[in-house]
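Got your viewer open? Let's take a short walk through one chain, picking out a piece at a time.

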Amino acid sequence: MIGFLARRLAGALVILAVISVVTFCLFYAAPRDPARAFCSKVCQPETLELIRRNLGMDEPLAVQYWHWLAGIVAGRDLPGFGGCPAPCLGYSFATQEPVFGAIVDRFPVTLSLTVGAAAATLGFGVLLGMVAAWQAGRPLDRIASASSVVGASLQIYFVGPLLAFALVDTFGVLPRPAYVPFTGDPVGWFTHLLLPWAVLSIVFTANYTRMTRAQMVEQLAEDYVRTARAKGMPERVVFFRFAWRGAMIPIVTIFGVDLATLLGGAIITEQTFALHGVGELAIRAVQNSDLPMLLGVTLVGAGAIVALSVVVDVLYAVIDPRVRLG
Amino acid sequence: MTTVPPPPRGPDPFLSVRDLSVRFSTEDGVVRAVDGLSFDVEKGTTLAIVGESGSGKSVTGLALLGLHDPASATLDGRIRLEGRDLLPAPRGTLERLRGDRIAMVFQDSLTALSPFHPVGRQIGEVYRRHRGASRREARERAVEMLDRVGIPGARSRVDDYPHEFSGGMRQRVMIAMALVCDPGLLVADEPTTALDVTVQAQILDLLSDLQRDSGTAIILITHDLGVVAAAAHEVLVMYAGRAAEHGTVGEVLGEPRHPYTWGLLSSTPRLSTPLDLPLSPVRGTPPSLLDPPSGCPFHPRCDYTGLAGPERCRNSRPALSPGGGAGTSATGGRHADACHLAPELKAGLRPRPPAHDRPVDGPLDRPLDRPLDRIEDTA
């Protein structure tokens with residue numbers, strides 16, 4: 001287990017290094033010159049040069065990258081900004097705020113949104129799928145299957161405003177979505193995020209309902225399930241103790257892949273409900289050609305996905321004893 | 001392996017199956033997987049059900065436990081265990097009987113055991129379910145059962161998962177699980193098919209030891225006549241969902257009457273004949289049960305229709321005679337078969353007359369160290 005985690009950590013570092021290099025290169029391959037954005041309309045070449053130097057863009061790419069990388073480990077001194085202690089991701093071109101600090105401020109919003117929606121997606125998706133499989137061929141199954149098709153066809157930017165209009169503006173059953181720090185007010189945190197969670201998970205839940213139902217139907221025809229019946233286990237036990245375990249394996253696999261998509265969905269949801277999360281930072285960074293911010297956000301996103309996929313792998317071993325981590 | 005003397009027959013057989021039929025509705029039509037099957041099994045005896053793939057052996061076994069999905073299978077006839085009718089019994093009653101009074105051992109122990117639970121728990125939960133035992137009692141019982149089926153170091157292996165056992169050991173686990181509540185009837189569906197020959201012999205020995213200790217009635221589903229000769233008291237040869245021949249193991253293997261049984265016997269290798277002598281398999285392929293042949297279901301593959309009258313074989317379905325199958329028993333020995341050939345003809349045509357006249361009744365009293373030779377004493 002420790003060996004497994006160590007190897008995964010090493011792998012994660014490599015992945016993050018590759019992602020940062022690619023982001024770096026892509027940024028410079030873009031046709032926009034970020035220094036121009038800071039220059040007035042009538043831009044003197046000398047001013048542009050000065051800005052370039054201040055941003056550290058007068059150096060060769062490799063050197064720039066090296067400085068950036070060293071900054072994460074040891075901190076660095078940025079001309080015009082002053083000291084930047086480790087882990088230093090630089091200062092935003094656009095707002096001059098430290099990138100690391102900005103991300104740390106916003107991260108809980110996105111984390112809450114994603115983890116909450118992921119739990120809801122998995123929980124409700126699997127639950128509905130189980131109900132559908134249990135009732136296979138009967139009305140409840142058809143209702144669950146039909147609603148999963150509807151759910152899969154919905155879009156966040158459509159459901160979001162619609163639900164907000166209904167539940168917040170018209171009936172007032174939910175507070176307007178906002179981020180309330182969990183540590184200060186857990187109940188407020190929960191109620192204010194309820195709507196974003198619902199919107200984000202509705203879109204993904206449908207998939208899990210469909211998959212769970214299909215997997216359960218498949219598992220119920222397996223030999224070991226027949227053995228459970230031959231032992232006199234009641235159908236309920238056969239369903240929940242035996243077939244369920246087998247059905248969860250592919251679900252967890254797909255879930256690991258879907259986490260990245262969910263994170264993307266979280267960014268759209270943040271925009272829909274004006275939540276100030278990492279997604280908002282990312283979009284602004286792209287719009288402003290804000291290299292340090294872009295690198296920081298990308299790195300944090302990738303890091304989160306890598307970390308979650310390790311969790312999924314561990315989960316996998318918990319469900320299936322034939323899987324050994326190592 | 002020791003001979004188990006069959007107990008005297010009571011008025012009511014332990015298990016009696018009458019006119020059992022199992023039909024499956026499929027998109028292509030109705031499959032008559034089992035069609036009018038009747039047999040009895042007494043306590044402490046073993047009935048082997050033999051036949052090719054698709055002859056309805058396993059379907060019969062699953063029917064005894066009520067394991068067919070009522071949505072797709074229709075069962076008719078009567079299955080009576082210890083005087084209790086099983087077919088009309090509600091699901092809850094069957095669930096309580098399964099694992100407790102009737103147990104089943106499946107062929108492939110790797111897929112038939114849950115890969116997600118330790119073996120001790122899989123065994124113990126049967127005991128908990130039917131005997132209301134506590135977790136600790138169930139665990140103790142699981143250790144005891146693992147020990148009884150000959151798993152070395154049972155206590156240290158009780159928390160292992162099925163994939164951590166070898167094939168033979170896993171099959172022992174299956175047997176331990178089936179016998180944990182001392183069932184009256186054990187249905188063993190090809191319990192040794194997936195195992196190598198020495199392990200096969202060990203498993204058959206184990207079954208017969210356990211039978212001797214507890215008097216369990218065993219239905220042994222197999223296509224291996226060597227297994228039949230070694231382990232069964234009675235044999236029911238099935239073809240296309242029907243009984244082709246039924247009698248004691250000595251009768252069916254020693255004086256086989258049905259051409260299909262002859263075919264099965266001559267397609268089995270023996271060590272006493274030259275090894276380069278080609279085996280003669282039953283020609284043709286098993287019939288489709290969607291559209292079984294008219295008359296005698298075996299007639300398209302039979303070499304003797306000329307002698308029995310081709311018209312008759314094609315048009316009229318031979319009854320199991322004498323006795324209609326029901327009522328034969330290990331002691332009563334009413335050897336019956338379903339064929340239009342005249343009895344004298346059958347005695348003459350039999351490809352391999354018995355080597356000697358010793359009547360063989362029940363399993364052979366000999367170790368199974370020469371597995372391929374097992375049939376020799378009977379055929």
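Start by selecting residues 17-265 of chain B: the C-alpha atoms at the two ends sit 26 Å apart, and the span is 41% helix and 27% strand. UniProt lists this stretch as "domain: ABC transporter" in an unreviewed entry; such positions follow the numbering used here, names are shortened, and annotations may be inferred rather than shown by experiment.

A quick note before you click on: this is a predicted model, where local features need pLDDT of at least 70, side-chain atom pairs count only at pLDDT 80 or more, and totals for chains, interfaces and linings use all residues. Residues are numbered from 1 along each chain as its sequence is written, chains are lettered from A and ligands numbered from 1 in the order written, and side-chain values use heavy atoms, leaving out hydrogens and water.

Next, color chain B by domain: domain 1 is 15-101 + 181-377, and domain 2 is 109-180. These bounds come from an automatic or database domain assignment.

Now look where they touch. In chain B, 17 residues of domain 1 are in contact (heavy atoms within 4.5 Å) with 16 residues of domain 2.

Zoom in on Arg131(B) and Asp100(B), whose side chains meet in a salt bridge at 2.7 Å, N to O. That term means a side-chain nitrogen of Lys or Arg within 4 Å of a carboxyl oxygen of Asp or Glu. Between domain 1 and domain 2 of chain B, the count is three salt bridges.

Definitions and conventions: Helix = DSSP H or I, 4+ residues; strand = E, 2+ residues; numbered from the N terminus.
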